[in-house]
Structures are given as structure tokens and as C-alpha cells.
Amino acid sequence: MPILEVEHICKSFDRTEVLKDINFSLEKGQVLSIIGSSGSGKTTLLRCLNFLEQPDKGVIRVDGETLFDDSDPATLSESAIRKKRLHFGLVFQSFNLFPQYTALKNVMLARELLAKEQPDYKARKKEIHEEIQEQAQELLTQMGLEDRMSNYPHQLSGGQCQRVAIARALALQPDILCFDEPTSALDPELTGEVIKVMKELAKQKKTMVIVTHEMAFARDVSDQVIFMDDGCVAECGTPEEVFEHPKEERTRQFLMRYTNGA
């Protein structure tokens, strides 16, 4: 059974169709890269998966559980959105770290807020806090930031900030990690820091959905590649199928433009 199933997802803003009948599935431990021109619907799709936007139509399932079904009112409740989001860890383009908190606190914060809802929180407050802090320290060490835990975002480079954001996404142990152009806000020399971390996560068999313009990464690391165009999945296949033997002329044109630096 796939860990992620997306069926017939549609999304419009006013009268503009942004997503048109999107379908794909992903197995646990696989990496899916989504490529395409600006405005093709890539980020909107990611936001729908994370329920920052609610689809108009379709079905989203994670590990067999239906999180969204436009024909089932029980899945449309606003009160269930936060619970649905726990299945997905989202890393944004622009880091979205809290400037008033250290790197360590940024990673701890979400788990601390959730812990306060536990029935035994008051009785185990100190123990729970220590557990959360230890996990955050381990994640930051995994990101190569063991000496930056007490730094604030303004004291970190862009690459370091994005690595903090990845650690924060991992802290809630989501089923699926989603990345929205995670290197687009970085200088070229810092991009490699983040790509290295993502490659390591792929080796660890983390399930990932990545909107990216890093074609070498998509080609070398992905299990599947989706090319989106005008709100549609124009082509889906293995990296070899999409990059070396594309079936669609628009896929070939996109790859040609990108290769030529357009």
C-alpha cells in the first residue's frame, strides 16, 4: 500500500484553475521530485498536501487513512486540520524561523506546544521538556549545527537557517517530508549544504516530496519525477524516463530551456 495517495485533486482561486485533476502515489521511503515552470501549480500542490490550502475536489490518503475527501463531510472539518498537518513536515523557501528564538528553541517549539495537550503534562513537565530538548539537540547535530544551537536566526547563514528548518520539520516525526524549493533563497555556495542534508535523508529512506529547480538532484536522488505544466501532471516516471526519454513535447521543451539556462 502506498504511504501517500493523491486522487483527482483540483484547486481554484476565484476563477483560475491552479490544479487540474492531480493524481499520483508514493511508496514509503521514496523520494518524489516535482519540477516545472513557475506558475505550473507546484507550490499550490504542496500547500494542499500540508493543508495550508484546502483542495476543492479529490482525495488525499496517508498510510491508508483518508485525510481529505470532498465527498465526505467528516474530512472537511477545520478543527481537524492541525492533526492532518502532523503527517507532513514542510520546509519552506524562506526558512520561516522565529527570529526571537534560538536555533534549539525553533526546533523544540512545536513539540512543546503539542506536549502541553498531553494529560500527564503537568506531572511530567520537566521530564517531557528534557526529552524534547534532547531530541532537538540530536537533530541539530545531525544537521551539522552542534555548535550553533544557541544562535539566533540573524546569526546564521542562509544554509544554516534552512538546516534548522529541516530539523524543525523532522522534530514531529512526520510520515512525509515536503520541501518547497528549499535552495531557492540561498546563494549558490550555500546550496550544497542543504542538498547534502537532503541526500543523506534520502539514504535514510525518509519519504519526501520535493518541489525543486535542482535538476541534478531530481535526476540523481529521486525515485519518481513529476513534471507539472499549467496545473496538470504532464508527465510522471522514473528520473531516466522523464529526463532521458520524455514522452511529452512540453517536457522536452522545458528541459531544453532549463539546460540552456532560460
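Let us begin with helix H3, residues 103-115, in this predicted model. Its 13 residues, at 1.5 Å a residue, should span 18 Å, and the C-alpha atoms at its ends are 19 Å apart, so the expected span and the modelled one agree. The helix does have a bend, of about 40°, at Leu109.

Which residues of H3 are buried? They are Ala103, Leu104, Asn106, Val107, Met108, Leu109, Glu112 and Ala115. Leu109, the site of the bend, is thus listed among the buried residues. As for their partners, the buried residues of H3 pack against two helices, H4 (125-142) and H5 (158-171).

Just before H3 in the chain, I would draw your attention to Tyr101, located in the loop between strand S6 (88-91) and H3. Is Tyr101 buried or exposed? With a relative accessible area of 27%, Tyr101 is partly exposed, because the value falls between the limits of 20% for buried and 50% for exposed. If we leave aside neighbours within four places in sequence, Tyr101 is in contact with Asn106, Leu109, Tyr152 and Pro153. Two of these partners, Asn106 and Leu109, appear in the list of buried residues of H3.

Let us now turn to the pair H4 and H5. Their axes come within 9 Å and cross at roughly 135°. That angle makes H4 oblique to H5. On the side of H4, the contact is made by Gln135, Leu139 and Leu140, and on the side of H5 by Val164, Ala167, Leu170 and Ala171. The crossing of H4 past H5 is right-handed.

H5 also packs with helix H6, residues 188-203. Here the angle is about 25°, and the axes are 8 Å apart. H5 is therefore roughly parallel to H6, since angles under 35 degrees count as such. H5 contributes Gly158, Gly159, Gln160, Gln162, Arg163, Ile166 and Leu170 to this contact, while H6 contributes Leu190, Glu193, Val194, Val197 and Leu201. This crossing, too, is right-handed. Please note Leu170 of H5, which takes part in the contact with H4 and in the contact with H6.

One residue of H5 merits a separate look, namely Gln162. Its relative accessible area is 0%, and Gln162 is therefore buried. What is Gln162 in contact with, leaving aside its neighbours within four places in sequence? The partners are Val91, Phe92, Gln93, Phe95, Pro182 and Val194. Val194 belongs to the H6 side of the contact between H5 and H6. To relate Val194 to the loop residue discussed earlier: Tyr101 and Val194 are 93 residues apart in sequence, and their C-alpha atoms are 21 Å apart in space.

I close with two backbone angles. Most residues other than glycine have a negative phi. Which phi value does His8 have? His8, although not a glycine, has a positive phi of about 55°. His8 lies in strand S1, residues 4-13, and is partly exposed, with a relative accessible area of 45%. The second case is Asp230, where phi is positive as well, near 55°. Asp230 lies in the loop between strand S9 (224-229) and strand S10 (232-237).

Notes:
Residues are numbered from 1 along each chain as its sequence is written. This is a predicted model: local features need pLDDT of at least 70, side-chain atom pairs count only at pLDDT 80 or more; totals for chains, interfaces and linings use all residues. Side-chain values use heavy atoms; hydrogens and water are left out. Helices (H or I, at least four residues) and strands (E, at least two) are DSSP runs, numbered from the N terminus. The expected span of a helix is 1.5 Å times one less than its number of residues. The bend at a residue is the angle between axes fitted to the seven residues ending there and the seven starting there. Buried means under 20% relative accessible area, exposed over 50%, partly exposed in between (1.4 Å probe, protein chains only). Contact means heavy atoms within 4.5 Å. Axes are lines fitted to C-alpha atoms, for helices over the stretch in contact, and angles run from 0 to 180 degrees between N-to-C directions. Angles under 35 degrees count as roughly parallel, over 145 as roughly antiparallel, 65 to 115 as roughly perpendicular and the rest as oblique. A crossing is left-handed if the near helix is turned anticlockwise from the far one by less than a right angle, and right-handed if clockwise.
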